[in-house]
Number of protein chains: 2
Amino acid sequence: MNVRPHQEIEITLRSMGERARAASRVLAHASPAQKNRALHAAAAAIRASEAEILAANARDMAAAGAAGLSAAMLDRLQLDPGRVQAMAAGIEVIAALPDPVGAVLAEWTRPNGLRIQRVRVPLGVIGIIYESRPNVTADAGALCLKSGNAVILRGGSESLASSRAILASLARGLTEAGLPADCIQMVPTADRAAVGVMLAGMREFIDVIVPRGGKSLVARVQQEARVPVIGHLEGNCHVFVQRDADLDMARRIVLNAKLRRTGICGAAETLLVDRAGAPRLLAPLVQSLLEAGCEVRGDPATQAADARVKPATEQDWYTEYLDAIIAVKVVEGVDGAVAHIERYGSHHTEAIVTADPAVAERFLSAVDSAIVLHNASTQFADGGEFGMGAEIGISTDKFHARGPVGVEQLCSYQYRVHGAGQVR
Amino acid sequence: MNVRPHQEIEITLRSMGERARAASRVLAHASPAQKNRALHAAAAAIRASEAEILAANARDMAAAGAAGLSAAMLDRLQLDPGRVQAMAAGIEVIAALPDPVGAVLAEWTRPNGLRIQRVRVPLGVIGIIYESRPNVTADAGALCLKSGNAVILRGGSESLASSRAILASLARGLTEAGLPADCIQMVPTADRAAVGVMLAGMREFIDVIVPRGGKSLVARVQQEARVPVIGHLEGNCHVFVQRDADLDMARRIVLNAKLRRTGICGAAETLLVDRAGAPRLLAPLVQSLLEAGCEVRGDPATQAADARVKPATEQDWYTEYLDAIIAVKVVEGVDGAVAHIERYGSHHTEAIVTADPAVAERFLSAVDSAIVLHNASTQFADGGEFGMGAEIGISTDKFHARGPVGVEQLCSYQYRVHGAGQVR
């Protein structure tokens, strides 16, 4: 019998899905110790396989170079001994987290004597679709394992050999701990049709999809998915410097929020300055940014404050630069800042700098973003900085998980009711 | 300019969506007192408008009768003075619930002094698609209002006049409390194309869809929706009587779980009896069910226990009867029960009857359902019985909300971070 290639992918993936579902039932009841044994053994296997992993990565790099990938993409793809060690260490950090599964989130007793517990349980099977970074294979595999979920990974085609070598270490960890290797599986083909099957053709096998990558990947996932998605769109983050802000604090926060690392989703992209404080605040802030090597694109008021400011277009207010560029605008107080953020923002992370706590409260409660900060840098938007441990991303969705998505957010819950023969 | 009818519906609905989004921003920051004022005024308006509501309902009933609707559907559609009073009282019960918005769900301080709060916030705009019961208009409208969400209601075409009359009272309540009437809107057309637009064409205006109705409605929503769905599929609920069960308790629980009300999703549909306890338990349980007027369809072992048992087919194990019919099967211990439930169940609610707490724990943690009970009737699967107040349904999804969906489950959360100038 002849099968069309697409059909073949569907058969392969559905068989993976069945095995993932079966593995998830075992993993959901694995003890914390057994899961941690698997994680430590996987980390050890990665260290022991450094040579194989680097050799596989060299093959990926050669193919990517020949295919003309950009320098930025090649950098994301490349592994070196330090990155391999960091992957292993990252798995050990995940092993050290408190086990999320089985925690009693709430417990109460009803007047009829029924004792009700809300207990955290894994989601089941998670599908993760990502791009070229091979370390996601290790991170995502370990986070899913720790949270009791089976996972089907679909990495970028450029990193297929590297990811396979990493997967072999994860599988060794699972096997050494007596857990099914099917807990962590990887789509074996670079064919993009596989993504379509994961999104729309595996409802009974995949409980949730997590896309990790650029805008076009996330947009495709949100368009095609027939299962729930934990998406993270871009981080068009804002810092609003209110008229009562301390200038030194504002400068420290703005420079850090924009420039500490420009490529992360919590980096600030737009600075809003309160008109009532602009005479005191605007020029020094702009000057500090320019002197730190940041390009500044401003509205007319900002251009008037410093001749080096370039004019901002409407498009700038929407843009996540992920680079040493910032858009600057003068707004009318908290209400003006909130209105600007509502119109142009991406509901990720926004900060206010002000000495007035009442104004800060108004801003924090009015801004509809996953994370809102008072007198702190937007670069704190990170699961580790929140004390939640490693994360799979920062969700800008409101449904299920919002903000950092760590092991707890990869879980659901179940009600367990204890009675003594009660009927209604 | 000519517009196609479908396009006209889209224009109408998108305009409703824009207004709902704007209203949701006001409602999200309304005080608990203001929301409760609106709810109490709406309840009073419903009581004062009883005559108008019943007249509108009489028009719906006449049209439905002429259209040949089934007696069951006519019963769901019909209002009487008692049902109108109950609607008003239901709104007052919702007003009396604790306000879910603004609650600090968790709070911690990081070593760098950042104080992080996880605060409950509304989801935004909720779309509710339901069938013939006009009281859903009042219930769903009130639950969304209490939880700070704007709502777009799309009821069954049969109940359009009744729902409109109820909506007028809700709008009066909103207006009297100084809240936008757009907080609760109703799709003004019976055209089914409107459902398609709500599901797939309003991503920027609707944050989540809640279907309330039969299998085909829920299936359509899950297939077409491009926004998150809080779905509740059927409740194919099981009672497992383990070999160490007390017979009297088992009988009480089985009869109640099956027969107290057969039409609710928490009604038991299949009885599983442990083979090791069958000689003592099976015949008396079957006999009690039969004597209570319940039809029993059994596997061969059950048929052998009582001549009045009809043979069960494979299809019976999948069936949510919602009627005085039960399927009965003998299984091999807890593992056999869990395997049966995993294969045929709908992940809604399952109970075990046993005197052995260790066996009960095994069952509760192994069964992947929203609600699992030990020595209690499955008919407790109800937000009110859980002490959570009124609910919009019982979710069989694992994502976001599982089990009873009350005002807290209609919310998301936001991280509010309080600093003193911290940078990374």
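Begin by selecting helix 14 of chain A, residues 333–344, in this predicted model. Helix 14 lies across four strands of chain A, namely strand 7, strand 8 (268–274), strand 11 (325–331) and strand 12. With strand 11 of chain A, the helix makes an angle of about 135°. Add helix 15 of chain A, residues 357–366, to the selection. Helix 15 also packs on the sheet, where it touches strand 7, strand 12 and strand 13 (371–376) of chain A, together with strand 16 (411–422) of chain B. The direction of helix 15 makes about 160° with that of strand 13 of chain A.

Next, display the strands beneath these helices. Select strand 7 (residues 237–241) and strand 12 (residues 349–353) of chain A, which pair in the parallel sense over four bridges. Within this pair, V241(A) stands opposite V353(A) of strand 12.

Now extend the view to the whole sheet. It is an open sheet of 10 strands with mixed pairing, and its order is 10(A)-9(A)-11(A)-8(A)-7(A)-12(A)-13(A)-16(B)-2(B)-1(B). Which strands stand at the edges? They are strand 10 (310–311) of chain A and strand 1 (104–109) of chain B. Each has a single partner strand, so one side of each is left without a neighbour in the sheet.

Return to chain A and select H347(A), in the loop between helix 14 and strand 12. Its phi is near 60°, a positive value in a residue other than glycine. Most residues other than glycine have a negative phi. Is H347(A) buried or exposed? H347(A) counts as buried because 21 C-beta neighbours lie inside 10 Å, and the cut-off for burial is 20 or more.

A second histidine can be examined in the same way. Select H400(A), in the loop between strand 14 (394–395) and strand 15 (403–404) of chain A. The phi of H400(A) is near 70°, again positive in a residue other than glycine. H400(A) is buried, with 22 other C-beta atoms within 10 Å.

Keep H400(A) highlighted and show both chains. A rotation of 180° with 0.0 Å of shift along its axis superposes chain A on chain B, with an RMSD of 0.0 Å. The two copies are therefore related as by a two-fold rotation axis. Which residue of chain A comes closest to the rotation axis? It is H400(A), whose C-alpha lies at 1.9 Å from the axis. The same surface serves both copies, as 100% of the contact residues of chain A recur in chain B.

Colour chain A by domain for the next view. The domain assignment gives domain 1 (5–230 + 405–416) and domain 2 (237–385). The C-alpha centres of domain 1 and domain 2 of chain A lie 35 Å apart.

The last stop is in chain B. Here four strands form an open sheet in the order 5-4-3-6, with parallel pairing. The edge strands are strand 5 (184–186) and strand 6 (208–212) of chain B, each of which pairs on one side only. On average, neighbouring strands of this sheet are turned by 20° against each other, direction ignored. Select strand 3 (residues 125–130) and strand 4 (residues 150–154) of chain B to see a parallel pair with five bridges. The bridge partner of V125(B) in strand 4 is A150(B). Finally, add helix 8 of chain B, residues 193–200. This helix lies across strand 3, strand 4 and strand 6 of chain B, and runs at about 150° to strand 4.

Methods:
Residues numbered from 1 in each chain as written. Chains lettered and ligands numbered in written order. Predicted model: local features only at pLDDT ≥ 70, side-chain atom pairs only at ≥ 80, totals over all residues. Domains from an automatic or database assignment. Pairing = 2+ DSSP bridges. Helix = DSSP H or I, 4+ residues; strand = E, 2+ residues; numbered from the N terminus. Axes fitted to C-alpha atoms, helices over the stretch in contact; angles between N-to-C directions. Contact = placed C-beta atoms within 7 Å. Buried ≥ 20, exposed ≤ 12 C-beta atoms within 10 Å, placed from the backbone. Least-squares fit on C-alpha atoms with pLDDT ≥ 70 in both.
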